[in-house]
Amino acid sequence: METNIDDVLDTVPEETSGELVVQIVEGPRPFLSTPFEEYTVTEGLLLAVLLCLFVSALVKIIKEGFYWLL
């Protein structure tokens, strides 16, 4: 259900003291269908860490599998 921001602002009483803070919340994005340009820096760093851990685990598995070559 989408709510129009103007409708929400009309329901706020005018005698409210302080500032009105409007927070826009986006829904979750599908992982494989999001364009590369839309990822944030944090998501990019998490992906880089995940890839490094995956490559590290893969190297360990290969080293243990071919220990007789070393």
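Here are a few short questions and answers about the predicted model above.

This is a predicted model, where local features need pLDDT of at least 70, side-chain atom pairs count only at pLDDT 80 or more, and totals for chains, interfaces and linings use all residues. Residues are numbered from 1 along each chain as its sequence is written, and side-chain values use heavy atoms, with hydrogens and water left out.

Me: How many helices and strands are there in the protein?
Reply: Let's count DSSP runs, numbered from the N terminus: helices (H or I, at least four residues) and strands (E, at least two). The protein has two helices and zero strands.

Me: Which helix is the place of Phe54?
Reply: Look along residues 41–65, which form one helix. Phe54 falls in that stretch, so its place is in helix α2.

Me: Does Phe54 count as buried or exposed?
Reply: Buried means under 20% relative accessible area, exposed over 50%, and partly exposed in between (1.4 Å probe, protein chains only). Phe54 has 53% relative accessibility, so Phe54 counts as exposed.

Me: What percentage of the 70 residues in the protein do buried residues make up?
Reply: Now take the whole protein, with its 70 residues. Buried residues make up 1%.
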